[in-house]
Amino acid sequence: ALGLEGEELDEKPVDSAEDLRNEVLQFNTNCPECNAPADTNMKLVQIPHFKEVIIMATNCDACGHRTNEVKSGGAIEPHGTRITLRITDPSDMTRDILKSETCSVEIPELEFELGMGALGGKFTTLEGLLKDIRELVERNPFTLGDSSVPSRTGKLQEFLGKLQGIIEGKTEAHFILDDPAGNSYLQNVYAPEEDPELTVERYQRTFEQNEDLGLNDMKTEGYESGGAAGR
Ligand SMILES: [Zn+2]
């Protein structure tokens, strides 16, 4: 950041959040794939009609590995969100998606469910996320929740075929984001009008979900503290 100081001092006084908005912060890390020294870029991004998030991108010069991680800029929302999109058109693939690190993904037509925490936080398009899912399932077919090895290959091929049909816009399906922290988003392409294919429900979290988010520890009474800890 050394070379930038002169320019910035000419501007009106800036607060630190505004600074972060206009600047890409860079720090040294190691590539998660090959462990070579790499740079991570960090930027605060405003998602239209939603909120600000922090995007962290690492590009490795040594092996070409790229990661793109999103951290929710704000706190946990008062309610969870369940977002359902009916995929009816190939153009749906270009919709922006923010899948927070606490969000699970469901595609009922494929009997597919991706648990909270898998794939981490992502800011991408629907197509990008479906391709990430494809890659994850190819690498680890047990993601499909099938432990019987003999039938695995057939089931895997069937799943990948159907998923490809959805990515290419040939198969209609529902795509569900369920985020108990309320920090996930799927682009309404008709905004500010209502999107006929998109439903957003806000719901009260269960005790279990509050437990997963670590919120119950903040309460002082009313719940027993034994048993549920230490997963
Ligand atoms: Zn690398």
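How much area does the protein chain expose, and what share of it do carbon and sulfur atoms supply? The chain exposes about 13,900 Å², with carbon and sulfur atoms supplying 49% of it; the areas come from the Shrake-Rupley method with a 1.4 Å probe, and for residues only the protein chains shown count as cover.

Before going further, note that this is a predicted model, in which local features need pLDDT of at least 70, side-chain atom pairs count only at pLDDT 80 or more, and totals for chains, interfaces and linings use all residues. Residues are numbered from 1 along each chain as its sequence is written, and side-chain values use heavy atoms, leaving out hydrogens and water.

Let's start with the whole chain. It contains 5 helices and 12 strands, taken as DSSP runs (helices H or I, at least four residues; strands E, at least two) and numbered from the N terminus. Of its 231 residues, 35% count as buried, where buried means under 20% relative accessible area, exposed over 50%, and partly exposed in between (1.4 Å probe, protein chains only).

Now follow strand S7, residues 104-107. S7 runs antiparallel to S10 (residues 173-179), joined to it by 3 bridges; two strands pair if DSSP finds at least two bridges between them. Here Ser104 sits opposite Asp178. S7 also pairs with S8 (residues 112-114), again antiparallel and over 3 bridges, and Ile107 has Phe112 as its bridge partner. These two strands form a hairpin with 4 residues between them, and Glu111 in the turn has a positive phi of about 50°.

Finally, two cysteines: Cys103 is buried at 0% relative accessible area, whereas Cys34 is partly exposed at 35%.
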